[in-house]
Amino acid sequence: MSLQLWHHCTLATLQADATEPYGLVCDGAMVVQGATLKWVGPLAELPEALRAQCSVQHDALGALITPGLIDCHTHLVYGGDRAAEFEQRLQGVGYEEIARRGGGIASTVRATREASAEQLTASSAQRLRHLMGEGVTTVEIKSGYGLALAHERKCLQVARALGADHAVDVRTTFLGAHALPPEFAGQGDAYIEEVLRMLAQLAGEGLVDAVDAFCERIAFSTAQTERVFQAAQALGLALKLHAEQLSDSGGAQLAARYGALSCDHLEWLSDAGAAAMADAGSVAVLLPGAFYFLRETKLPPMDLLRQHGVPMAISTDCNPGSSPCTSLLLMLNMACTLFRLTPEEALAGVTRHAARALGLRDRGMLAPGLRADFVLWDLQHPAQLAYALGANPLIHTVFKGEVR
């Protein structure tokens, strides 16, 4: 297998044990073998024998190279939009009140059920291509807008097809416990029974990589969520949780007990919850787009997360109701300006920590043995990625060793 040499570049390796901020390597080089990074470091230290084996050489022309970006929390597949609710919120109607009126998630469920697989594929592919256009090479896509077996299957099949049809890695998450569908109004426990039946069926069809739930006062209790976790764990599936977004329900502690990959949102996270996540190795997935769009005022406790050493990932939370966003670069800026993350923390949050939030140990950094997913940027320093609003300095994306 031929080797490729990428050189004349600055590398932001994002390696966890790097001595330089961002794992920065000036005048760097990388050797790619197939879909894997074989060597990473300063060009001056590249062994001559290895360089001689490189049959293809790419002059990066001074570009900055980072790992491929990872969007680790999205609801990318859905029908319709909720622009009318956006207007209502601007007129003072709260998110929870809109949900109680039959809006919110329920309105997207109606639109998603009415949409064909072809229609969902077309609209979702547009959103996916926006993400890819900013250097995203891995994306998680949740279900949760079907809330019935046929429609949850439809959404997960669309997500799988998007990954097959685009040069991007799609990870699917079953979020059947997202909200009560209208046919189960007032019957939370009965619907959880249906969720368990759906989960067994869809996992058996190979459509599920992980399982999520919305543990909140307007959604499902910790007891109901635990039943979903027990069933998922029995099937050998990874766990995630929408936790502490609107209140402190103790969801983070529950997720930690089950070794969840991540807890997401976390505006109301307690000290006990942060400590439990640290002990379990769970990632905190912060979603500044939803915080901004819903005009929330309760910040996630970043200092508490830092104090306990909980890794922080950043994601778009792309969805029609609380974060209709397809710009992970914008989320970098929002994470810094709204949540006071440093640019280095933010970039780690869409690379190294985002990979961990999906249970993927083969990407998120530039290091030998990892996937050759990386992005060339027309920038001098990685802090610039979080700095400019609305800018897209992307030059090329390399996915599995091939220019996309």
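**Cavity, pocket and sheet in a predicted model**

The largest cavity has a volume of about 120 Å³, a volume being the space filled by probe spheres set on grid points that are joined across faces, edges and corners. A cavity here is a set of points, on a 1 Å grid over the protein atoms alone, where a 1.4 Å probe fits but cannot get out, whereas a pocket is an open set with protein on both sides within 12 Å along at least five of seven lines; lining residues have an atom within 4 Å of a point. The model is predicted, so local features need pLDDT of at least 70 and side-chain atom pairs count only at pLDDT 80 or more, while totals for chains, interfaces and linings use all residues. Residues are numbered from 1 along each chain as its sequence is written, and side-chain values use heavy atoms, with hydrogens and water left out.

By the cavity rule, the count comes to one cavity of 30 Å³ or more. Among the 13 residues that line the largest cavity, those closest to its centre are Tyr95, Ile105, His178, His242 and Ser322.

The largest pocket holds about 360 Å³ of space. Its lining is made up of 19 residues, and Ala99, Ala106, Ala179, Leu180 and Ile218 are the ones closest to the centre of the pocket. Two elements, α3 (95-100) and α4 (105-114), each give two or more residues to this lining, and α4 provides the largest share, with four residues. Such element names follow DSSP runs numbered from the N terminus, with helices (H or I) of at least four residues and strands (E) of at least two.

The strands can be followed across an open sheet of seven, in which the order is β3-β2-β1-β4-β13-β14-β15 and the pairing is mixed; two strands pair if DSSP finds at least two bridges between them. At the edges of this sheet stand β3 (36-42) and β15 (402-403), each of which pairs on one side only. Starting from the β3 edge, β2 and β3 are antiparallel and share six bridges. Within that pairing, Gly28 has Pro42 of β3 as its bridge partner, and Ala29 has Gly41 of β3. The hairpin formed by β2 and β3 has two residues between its strands, and Gly34 takes a positive phi near 65° there. On the way to the next strand, β1 and β2 are joined by eight bridges, again in the antiparallel sense, and the bridge partner of His7 in β2 is Ala29. Ala29 is therefore bridged to His7 as well as to Gly41.

Further across the sheet, strand β4 (residues 54-67) runs antiparallel to β13 and is joined to it by four bridges, with Ile65 standing opposite Leu376 in β13. On from β13, strand β14 (residues 394-399) is paired with β13 over four bridges, also in the antiparallel sense, and here Trp377 stands opposite Leu394 in β14. What covers or exposes the two faces of strand β13? Both faces of β13 (residues 374-377) are covered, for Phe374 and Leu376 on one side and Val375 and Trp377 on the other are all buried, where buried means under 20% relative accessible area with a 1.4 Å probe and protein chains only, exposed means over 50%, and partly exposed lies in between.

Burial also marks helix α13 (residues 328-337), which is mostly covered, with eight of its ten residues buried. These buried residues are Leu328, Leu329, Met331, Leu332, Asn333, Met334, Ala335 and Cys336.

Two single residues complete the picture. Thr172 is found in strand β7 (residues 169-177), and Thr172 counts as buried because its relative accessibility is 0%. With neighbours within four places in sequence left aside, Thr172 is in contact with Ile141, Leu156, Ala159, Arg160, Leu207, Val208, Asp209 and Ala210, contact meaning heavy atoms within 4.5 Å.

Gln15, by contrast, lies in the loop between β1 (3-12) and β2 (24-33), and Gln15 counts as partly exposed because its relative accessibility is 25%. Although Gln15 and Ala367 are 352 residues apart in sequence, their C-alpha atoms are 7.2 Å apart in space. Gln15 touches Ala367 and, with residues up to four places away in sequence not counted, also Arg352, Met365 and Leu366.
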